[in-house]
Structures are given as structure tokens and as C-alpha cells.
Amino acid sequence: MSMRTTLALATLRRHPARTMLAVLGIAVAAALLLDMVMLATGMSESFRSLLLTRGYQLRVSPKGTLPFDSEATIDGATAIVQALRANPDIKAVSPSLGTTLALPGQTFPSVFTLGLESDVQGDYVLEAGRDMPVTGDSLSPTAPLPAVVSKSFLVRSGRQLGDTLTVAAGIDAQLRTTARSRLVVLSGEGRFFYVPAETPVMALPLRDVRTLLGAAYRDRMSLAMAESRRGDSVSVEAVRAWIAASQPRVTAISTETAIRQVEERLSYFRQLAFVLGAISLGIGFLLVATLVTLSVNERRGEIAVLRAIGTQKGGVLRQVFLEGLLLSSAGIAGGLLLGIVTARWLNGILRDFPGLPAAFDFFLWSPEAAWKSLALLLISGTLAGLLPAWRAASIPIVRSLREDAVG
Amino acid sequence: MADVFSEAVIRCEQVHRRYTMGDADVHAVRGIDLEIARGEFAAITGPSGCGKSTLLHLLGAIDAPSSGRVFVNGRDTAQLDDAEATAFRLRHIGFVFQRFYLMPTLSAQENVELPLAEAGLGKTARRARASELLGYVGLGDRRGHRPTQLSGGEQQRVAIARALANEPALLLADEPTGELDAATGEKLLALFGQLNRDGTTLVFVTHDSVVANTARRVIRLLDGRVATDVRQASA
């Protein structure tokens, strides 16, 4: 360790409580800045990764609606899906039909159900048990239908994987009858991306959901997700334009467009994050500047002696500058830790808000954004040390010694 | 035996120093002519405000004369810019102050190493040199102690070791016994005598005539001028 570093560290140790408080202050400012950056980028990035979880860049919904924005469905779904699948630029298409099915005799009366094709579905990931049969698998019409359910379904119903229960559609509330019902076996537990974690949800084969809902739903879907064979935005946009032109009854929206729309809605969040981030930068700057200035003012006599015994102005400048740098670095290291811990804590709280997709995060760790923001704080803290460093280097030796002797 | 006093380490030619303090114009040094030879042990004394500390600052190249010239080790210090004067002090002048001015958070050893590090000495070399100097001033066993763990006399000895670090041609001390009790002050002056006998040119400022009389030459200032300049047969 160089003599200058030894002296800088020794100076900071001179008033341990004061130094500790300043480091804590910088750490809090750094944590706030980091959290603001994580919040500003986190929501849109989280939304992006949520939409791209299974690689589908396009959502096809009933004309004039957003995906699952209404209960509207698209008729003639088979023809649309076939047309999309026939396009060589489209790699995969996943149709889905959302509905609510009754649960006769269960602790809660109904469950949100997704009719999906398990081999192309992009709505959940299986976490335990067995998946639904793939499209085309023959299944006896009387055999229990394999269903994948969310954890909250199992918790709220008190059921376990392997249990069977009846689902029904076509409810007549007055007569307390259902038009159609089917025995299902809870074959697997899935984590559903787009459904709030606290919402019980069940996935069944699309074909069987249509059958349960009756003739009116025989050829309907709520939504189809499509994956462009080439993932670049130009190719995705070309596919989107082709769908829009060839399928007049649907609205096709790309992930990028959806993100843009979300970002527009979240813009005030980013502005708030920017303002709070700027404030935390200012706080960091002022803390370092104040502490180092205070330290220099206290040591005018000592600094004058250092100059008298042969320390160059540049040496004093580097010495004091190093003190500011060490202070900032210690605060930033602490802030990094504090920022990650508080972000996780806040994320846990915010994710529990009802109605949010299970896979949605508010604070997303982005190394690049984090390093950039912390580097900004380090630069700010370092610059804050420059003014007192320059003042220390300019201390008049004789006058300071005379004043110190009198003082 | 060669005349050790033949070469002047300090030569002042009609040195004046004026400065302002508040609204007052202070003419602290008024035309001093002075020569101090290599190996001398001189005390500058006089009443408070006579200009002795100002003269010491001029001799130490931490201040420049308003007029006249100050030569130290043959260099006209007024001609040096700040960086040159600082480098000159590092190599040629050692300072001891009344209030010791040790870095309180560094050990005795590290305090002595400071000017050695400034001079660019490597870690091993400066450790060895600092140990040697602390041994010389009688603090070989107190190397790891911080100033707060040392007595006033010990702190001043560390300051002397620090001043001697780069083997200066001249050691300047400003009221070196000012903050010490009489017994400790006597021991310190004995150390100064030893330093001088070992070849160090030593000039110290004191307002105490008894302390001044321990030097072999006593220069008494009055109103910024040399009033008397007496060489004593034995100190």
C-alpha cells in the first residue's frame, strides 16, 4: 500500500463515527440510485421478457382489442391458425381460448380456464407432474381429462396432483344446472406467466374446452400467439403486416409495439425514477464534498506542515482526492448491496399486488445499467472531492501555520 | 582540521518581509544581513513579534522575502517557484515545529517515512531508514506507537527524526521546547547538541534566553533587525 493510501485511510479512520455515517449516507444514495435505475428499466424489461417467455413475438386478438382485454373471441379460428401456420415465415402458432368453468362441489365455484394446445402453448411451464396430452392424442371420451393447474389452485382447493374433479360449462344459475361437464384429473402443476400468482387457473386441451363450451365455441379462440421464424424486428414487423393484411378480422400486435405502449404508460415512472436518481446523485456529491471539506478545514495546519516538509501541491491534491474516492467507493460498495437487498424486498411486496402476472418483476437486475449508475455516482463522488482537494493544495503554508499556532 | 564553518549554508542579504494582517501592514523583517556556516548551531531569539519566526520561514523557503535575497545551500530561494521550493525543502531542509505536527493517525515509524516516501524511496529502504532514525533519537522501541500514545518529548523526537529523514543540510526548529516541560526540554536540547556534533547545521527560534544560550551562536532580533549576534565559546 502506498504512503498516500495509508495516510488517506488513516485520515478517514480518524473520526470513525463521522466517516461511517458519511459512508452510510452515500450507501443509501447509491442504493436509491440503483433501485431507481432497476425500477426504471425493470418494468419494461420484465414486460418484454414476459411477452417473449416462450419466443412468441406476435399476439393475434379479435379486431380492435388487446390480448385478453375483453371476453371477445375470434370465430373461424381453425382457418386463421391454418393460414398462419402455412406461412413459411411463421415458425409456430399457439391458439388459446380463455373461459371460466364451474367447479361443482368445490371450495370455490369456478376457475379461469385456458384451452391450449400443449405442444405449442406459451402460457405456462410445467413444474410438477405430467403435462396435458399433445394435440391429436387419442383419449377416451369418458376418461378423466388431464389438466395442468396453478399452485394457487391446489392451495385453495386443497387438492393434490392425481385427484379428480368435475368441471362444467353452460351454467344456469336459477336451475342450478350445467349444460356439459367433464371429469378432469389434476395431472400437473404449472407456473402460468400471464395470470396473477394468486389466481387459480387450469389449462385443458383446447379441443376439450371448446367441446365443453358447446357449439357456439366449436371454432373460436381468444388469442393466438405467433413466432416469426426470424427474430429481428424487421422480420417480425413484416409478419405482423402480413397478418393484418390477410386476416381482416384480427388485430396483430408485436411485442415491440406492446412494449412501446406499456412504456408510454410507464413514462411518468421513468421520470420519477430519473428525478429521484438525480437527487441521490446530488446527495452523494454533497456528502463527499461536505465531509472532505470539513476534514481539510480541520487539518489546515497539518496540510501546511506536509507542504513545508516537501509534499508538492499535486501530492496534497491527490491525497485529499483519494480520501474522497475511498469514501465514495466504500459507500458505493455498501450501496450496491443495500440496493439489491431493498430491490428484492420491494419487489416481493409489489409482486404480491393483486392482478399482476406471476412472472412480472418491478425491479430487474441489469448489470450494465447498475454499473453505469454506480459509475456515475463514483464520478460524482470523486468530482465532489476535487474542490476540497484543490483548496487543500492551495493552502498558504505560512499563514496556515501562523493561524494554527494562534488557534 | 578543515574549517567546518568556511561554507555558508545560509546567507541573507538585506532581507525585508512585509505582510498584511487584517488591516495592519506588518514589517516583520527589516533589512537583515546574516550568514550561517555549515555545522553551526544557532539560536534566533528575541521578544514576541520581533520577526524571528518570519525569519525562520524565510530561511526555510516556505516564505519569500519582500526584498533582498536569501541563499540556502547556495540557492537563491526567492527564485524558486512553488514546486522547486517544495522539492528544495524536501531535499535540503528539515523542519521541527513547536506543536510537533505529527500525523495523528500514523505510527511514529510512518510519520518518519512520510518525507522519505515523498522523496521516492522504496518501502523497504524507507522502513530501514525510519527505524535507524527513531533509534538515533532514542525511540527504537516506540516505532509502532501513535502520537497520542507518546509523551510530548517523544513526539518532538519523532518530529526531529522526520526532519532528518532526507539528510538535510539544514535543520530549522521553531520554538522546539515551547510545549515541553523544563526537564524534557533540556533532554531535547541535549539531543540538538548531539545532532550538531554529528554534523547537522541547526538553527532554532526561541523566545527563551536560557534555551537560546544552549546554542553556540545566539542571534538576538529586535524590531525585525539583528540587535546582537554572539558566538559563545561553549554551549
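In the predicted model, B:His16 lies in strand 1 of chain B, a strand that covers residues 8-21. The relative accessibility of B:His16 is 18%, and the residue is therefore classed as buried, the cut-off for that class being under 20% relative accessible area. The side chain of B:His16 comes to 3.4 Å from the backbone nitrogen of B:Gly31. When residues up to four places away in sequence are not counted, B:His16 touches B:His27, B:Val29, B:Arg30 and B:Gly31, as well as B:Pro65, B:Ser66 and B:Ser67. B:Gly31 thus appears both in this set of contacts and as the residue whose backbone nitrogen is reached by the histidine side chain.

The chain that holds B:His16 contains 7 helices and 10 strands. For its 235 residues, a compact globule would be expected to have a radius of gyration near 18 Å; the value computed for chain B is 17 Å, in agreement with that expectation. The C-alpha trace of chain B extends over about 50 × 45 × 40 Å along its principal axes. Among contacts in chain B with a separation of 6 or more, 69% join residues that are 24 or more positions apart.

With regard to solvent exposure, 54% of the 235 residues of chain B count as buried, and B:His16 is one of the residues in that class. The area exposed by chain B is about 10100 Å², of which carbon and sulfur atoms supply 46%. Chain B carries 27 positive and 29 negative charges, and the mean positions of the two sets are 3 Å apart.

In chain A, A:Ser380 was examined in a corresponding manner. This serine is placed in helix 11, which comprises residues 367-393. A relative accessible area of 11% was computed for A:Ser380, which means that the residue is buried, as it falls under the 20% limit. Apart from neighbours within four places in sequence, A:Ser380 is in contact with A:Leu281 and A:Phe285. The A:Ser380 side chain also reaches the backbone oxygen of A:Leu281, at 3.4 Å; A:Leu281 is accordingly both a contact residue of A:Ser380 and the residue that provides the oxygen in this polar pair. As for separation along the chain, A:Leu350 lies 30 residues from A:Ser380 in sequence, and the C-alpha atoms of the two residues are 31 Å apart in space.

How values were computed
Residues are numbered from 1 along each chain as its sequence is written. Chains are lettered from A and ligands numbered from 1 in the order in which they are written. This is a predicted model: local features need pLDDT of at least 70, side-chain atom pairs count only at pLDDT 80 or more; totals for chains, interfaces and linings use all residues. Side-chain values use heavy atoms; hydrogens and water are left out. Helices (H or I, at least four residues) and strands (E, at least two) are DSSP runs, numbered from the N terminus. Buried means under 20% relative accessible area, exposed over 50%, partly exposed in between (1.4 Å probe, protein chains only). Contact means heavy atoms within 4.5 Å. A polar contact is a pair of N or O atoms within 3.5 Å; within protein, one must be able to donate a hydrogen and the other to accept it, and residues adjacent in sequence count only if both atoms are side-chain atoms. The radius of gyration is taken over C-alpha atoms; the globule rule is 2.2 Å times the number of residues to the power 0.38. Accessible areas come from the Shrake-Rupley method with a 1.4 Å probe; for residues, only the protein chains shown count as cover. Lys and Arg count as positive and Asp and Glu as negative; His and the chain ends are not counted. The place of a charge is taken as NZ of Lys, CZ of Arg, CG of Asp or CD of Glu.
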